[in-house]
Amino acid sequence: MLRITGGKVYDPANGIDGVVKDISIADGRIVAAVDGGRVIDARGMIVFPGGVDIHTHVAGAALNFARAMTPENHRQATAFLHTPERRAGLGGQTPTTFATGYLYAGMGYTTVVEAAVPILSAKHTHEELRDTPIVDKGCCVLMANNEIVLDLLEAGEIERAKEVVAWLIWAAKGYGVKAVNPGGVTAWKWGKDAKTLSEPVVGYSNVTPAKIIASLAHIVDQLGLPHPLHLHCNNLGVPGNVATTLETMKVLEGNRAHMAHLQFHSYGGADWHTMRSEAAAIAEYFNAHPNLTCDAGAILFGNAVTITADGPWQHLLHQLTGKKWGNLDVENETGCGIVPYTYKGSNLVNAVQWAVGLELLLLIDDPWRVFLTTDHPNGACFWRYPEIIHLLMHADVRRERVKKLPAKAQSRTTLGDLDREYSLLDIATITSAGPARALGLANKGRLGIGADADLAIYNEKPDGELLFRYPRYVIKGGEIVVEEGEIRKMSEGREFIVQPTYDGAIEEYLRPLFQQYYTMSFENYPVELERLEGADVRQLDGHG
Amino acid sequence: MGGKVTCTLGEIKNRADFIVYWGGNPAECHPRHFTKYTLTQKGKFVPNGRKDRTMVLVDIRETPSARAADIFLQIKPGKDFEILTTLRALVKGHRVNEASVAETGLSIEQLRDLADRMKQARFGVIFFGMGLSMTRGKHMNSAAVLMLAAELNAFTKFVTMPMRGHGNVTGSDMVMRWSTGYPFGVSLCRGYPRFNPGEFSTVDLLVRGDVDAALVLGADPGATMPQPGIDHLARIPTIVLDPKVTHTSRLARVHITTAATGISAPGTVYRMDEIPLPLRPALVSPYPTDEEVIRRIREAVAKKPAWAQRPAAMAPTN
Ligand SMILES: [Zn+2]
C-alpha cells in the first residue's frame, strides 16, 4: 500500500490539469483510499501517469544485429554497474536489454511497444523482452511483405487472408500488426522497391502497395485488434514523399490507422538540394481525419543507428553516406537494414528533418492523436525525449535553435513562426494518455480508480531540459522502482498479447505452404506461450 | 567500413541461383546444407532445384564438396585476401595487376569469369568457412568477403553468410549481444561489460594464465586450444558441465554430468542464420540440465556476502 500526497496531478484521461490531490495505491492498482502503508510527500512535485512508448526498437534480431555492428558506440555508452539488485549493461544508441528497462524506467516510462517483429524470429524478440525489466511490453508483427498474405491478396482471397493474419498474430504472440514499406521489402528481395502506391508489386500482377495497405487496415479492424494498423509508409526519408503519404492517408479512409514516425514521411522538394518541410500539408489533412493517429519520429542532432525493415531505403542510405551497412532478409516475410548515422545541424537535409518533427507535433492540434517518439534508435535515442519536451514547451528556445540552422534550411520550414507551447497536460497526453488510448490499453496512461499504478513523479522546478530527465519517483505496478534517481527494485514487466479468433482449419492450408517455402517445420514456427514471462492475453471475439 | 549483407536460409532455398562456398567443406562439415537449404531443394523462384542453380567451390584442396560443385577453383594457401580484393576490383571494372594474379593459383580469365557470373546472378550468395576466416589474413579476409557481397548489390542481389557450426555457438553469441552489447571476448571484471578480442577472449586469457578458475559449458577447449591454454586449465580449478567425458573433463577438477540438450533437455538453439529453434527432448535423463546446475550454483553464490563494496548506481563514462 502506498499513498502519494500533496502532488499536482496531471491526468488527461480524467481531465485533471494540475490539481493537488492524493493518490492511493493497493495491489498494483489505483484505489479510492488506503489505510496505512508508506506515504510519499509529493509537495512541490508533479504527478504524471507512467510514460507509454508506442513505437520503439528495443529487442529482436535487427537490434541485436545493430549491437554487433557498432562496438565502437558501446565504448562511449553509459555503463550500468552490476549490483546485488541490478544487472550490468550498457546504454548508448542500442542499449542492452537490462539497461533498456532501467533507462526507460529512469525516465518515467513504464510501457513500451517494440514496433517491428518478424514472425520467424519472434521467439528471439520475446527472449529479449523477457530480459527487459520493469516496463510492460507489447509487439507489432510485420505483415505487409508476408508472401503468404500477398499471394492471397493476389488471388482475391481476402477472407482467407484475414484468417492467416489472425493465425500469424497469435503465432508470433503479438499485440498489433505492423506494415513497413508495403510491397517494397518483398521487391527488395530482387533488389527493387515499391515507389508508387498504384503500380503492381514486383512479382505480382494484382497486388499494389495501396491494396496491401487497405486490406491490412480492413483486416485489423475486422479482427477487432485494440491497436489499429501500425503503418510505416512507402518512400520513407525521400524528398517529395509528401505525395505518397497523403495518398496513403486517403487509402486509409474508412479504417483506423496509426502512422508511424510521420516526420520521415513529410518532405517536399525534388531532390536532396531542394528538400523542404511539408509538415503543414500533412498536418492539415491529418487534423481533418480523426480515423488516424501518428507518432512524431522526431530527430535530434547527434549519433543514431538507423534500423528498419525498409531494406531498400537502407541500401540507399549506405550508398549516400558510405557508412557501414547491415542487411538481413527474412524468408517469405520481411527484411531489415542497419546503417549508423550522424544527424548534423549544419546539414541541410538533417536540419529540415529536425524542424519537421517539431512542426508536426506543433501543427497537429489534437495531442490525443500525435505522440512523442524518435523511432528509437533511428531519429535519436529514447533517453533523449526530455530534450524534445523542452523544445515543445518553449517557443523562444526553438527560435534560438532555428536561427542556428543553415540559412537555406530556415527558409524551408515554418518552425520559427510557430508560437504554440505545450502545457504540462499536453506533455502528459503525448507521452502517456494518448499512446495508451491508441494502443487500446485501458488501464494505462491514466490515474483513475482501477488503473495500473504506473506513475512518474517529477520536481516541479526547475523548469528546463532536466525537468523530465530525472524523476524523483517512478512507480510501476504499485512498486517504487526508482527513488531519488536510483533503480530501487528490479521488477518484471508483463507482456500484452492478443488472441484473435480464427478457424483452426487455416492450419491445414498453411502447413503445406510451410513445407514448400520455409526452412523450419510448421510445428516449430509459433512462439510457445510458456516462452513469455508475465503474458497478459486478451481474447478477441471480433470476427466481422 | 563494415557491416554484413545477409539473409535467412530460406531466402537461399527460394531464390539463390548462384552459390559460392569459400574455404569450407559442407559435404563433410554441414552434411545437410546442400539438401535442406542450398542446392537440391526446389524453391519458390528456382522451381527446378539443382538445375536452376550454379555452385562454385573455392578452396585450397579438392575436398569431397568439389564433387557437388559445377566449378571448382583451387587456390594457393593464404591467397584468399588477394583473390577477394581482385574480384572487388573486377566487379567494379577497375584494372588489375595480372602478374600478381598469377601468384593466387587462378588465372585472370578464371577470376573474370567468376566476377561476371556473380554480377549476372539473379540472387547470389557466398558461404565462407574457417578456411577463409581463420587462415592468413583472418578478419581481413572476412571483411573482404563481406565487402565483395555488399558491393555486388550495386548490380544484383547478393548476400553472404559465415558457415558457423558446432553446438549452439550462434545462440551464445546472441545472448551475449543482448545482455552485454558484444558477441564474445567480454570482461565483466569492472562490473560492466568491456570488449577486447585478443585481450579478453578465452584463449588469450588462458594462454596468458590470467584466470584463476574456469567454468566450461558446452565446449571442449581441451581438444582445440593451444597447449599453454590447456596446461593452464589443468593447473587451476576447472569445472566442466557436460553429458559425456571430454578432453576437458579429463583434466578438470570437477565434472558434473548433465542431461544432453536436445535429447533429454529442452532449450533453444540458434541456426547459423540467427533464427531460433525450440528443442524438444525425446528422452528423460536422470541428470540435471545445464540450466538447473548453473541456477543452483548461482543461488549458492548469492547467499555469500558480497566480496566487493557496492558500487555507485550508474557510472557515466562520457
Ligand atoms: Zn520504427
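How many of the 318 residues in chain B are buried? Buried residues make up 47% of them. Please keep in mind that this is a predicted model. The briefing below starts at the zinc ion of chain A, then turns to chain B and its aromatic pairs, and ends with a few residues whose surroundings or backbone angles deserve a look.

**The zinc site**

- Three residues coordinate the zinc ion: H55(A) and H57(A), each through NE2, and D375(A) through OD. The distances run from 2.0 to 2.1 Å.
- Along the chain, these donors follow the spacing H-x1-H-x317-D. H57(A) sits in the loop between β8 (51-56) and α1 (61-69), while D375(A) sits in the loop between β22 (370-371) and α13 (385-393), so the pair ties together parts of chain A that are 318 residues apart in sequence.
- Are H57(A) and D375(A) buried or exposed? H57(A) is buried, with a relative accessible area of 8%, and D375(A) is buried too, at 4% relative accessibility. Both values fall under the 20% cut-off for a buried residue.

**The backbone around D375(A)**

- D375(A), one of the zinc donors, has a phi near 55 degrees, which is a positive value in a residue other than glycine.
- The peptide bond that joins H376(A) and P377(A) is cis, with omega at about -5 degrees.
- P377(A) lies in the loop between β22 and α13 of chain A, and D375(A) is placed in the loop between β22 and α13 as well.

**Chain B as a whole**

- Chain B contains 14 helices and 14 strands. Its C-alpha trace spans about 70 × 45 × 40 Å along the principal axes.
- Take the contacts in chain B between residues at least 6 apart in sequence: 56% of these join residues at least 24 apart.
- About 16,000 Å² of chain B is exposed, and carbon and sulfur atoms supply 56% of that area.
- Chain B carries 41 positive and 29 negative charges, and the mean positions of the two sets are 5 Å apart.

**Aromatic pairs and a cluster**

- Over all chains, a search of the whole structure finds 23 aromatic pairs. Among them is the pair of Y21(B) and F127(B), which is stacked, with 5.1 Å from centre to centre and 20 degrees between the planes.
- What does the pair of Y21(B) and F127(B) tie together? Y21(B) belongs to strand β2 (residues 18-22) and F127(B) to strand β5 (residues 123-128), so the pair links parts of chain B that are 106 residues apart in sequence.
- Both rings belong to buried residues: Y21(B) has a relative accessible area of 1%, and F127(B) has one of 0%.
- In chain A, one aromatic cluster is formed by W167(A), F514(A), Y518(A), F522(A) and Y525(A).

**H33(B) and its contacts**

- H33(B) is found in helix α3 (residues 33-38) of chain B. At 4% relative accessibility, H33(B) counts as buried.
- Leaving aside residues up to four places away in sequence, H33(B) touches L9(B), Y21(B), T38(B), F127(B), M163(B) and M272(B). That list includes Y21(B) and F127(B), the two partners of the stacked pair described above.
- From H33(B) to M174(B), 141 residues apart along the chain, the C-alpha atoms are separated by 22 Å.

**I169(A) and K173(A)**

- Helix α6 (residues 158-172) of chain A holds I169(A), which is buried at 0% relative accessibility.
- Which residues does I169(A) touch, not counting residues up to four places away in sequence? They are M143(A), G174(A), V177(A), L223(A), L225(A), V498(A) and P500(A).
- I169(A) and G440(A) are 271 residues apart along the chain, and their C-alpha atoms are separated by 16 Å.
- K173(A) lies in the loop between α6 and β13 (176-180) of chain A. At 4% relative accessibility, K173(A) counts as buried.
- The phi of K173(A) is near 55 degrees, a positive value in a residue other than glycine.

Terms used:
Residues numbered from 1 in each chain as written. Chains lettered and ligands numbered in written order. Predicted model: local features only at pLDDT ≥ 70, side-chain atom pairs only at ≥ 80, totals over all residues. Heavy atoms only, no water. Donors = N, O, S within 2.8 Å, 3.2 Å for Na, K, Ca; no water. Helix = DSSP H or I, 4+ residues; strand = E, 2+ residues; numbered from the N terminus. Buried < 20%, exposed > 50% of the residue type's maximum accessible area, 1.4 Å probe, protein only. Contact = heavy atoms within 4.5 Å. Areas by Shrake-Rupley, 256 points an atom, 1.4 Å probe, with all protein chains shown as cover. Lys, Arg positive; Asp, Glu negative; His and termini not counted. Charge placed at Lys NZ, Arg CZ, Asp CG, Glu CD. Phe/Tyr/Trp six-rings, centres within 6.5 Å; stacked < 30°, edge-to-face > 60°.
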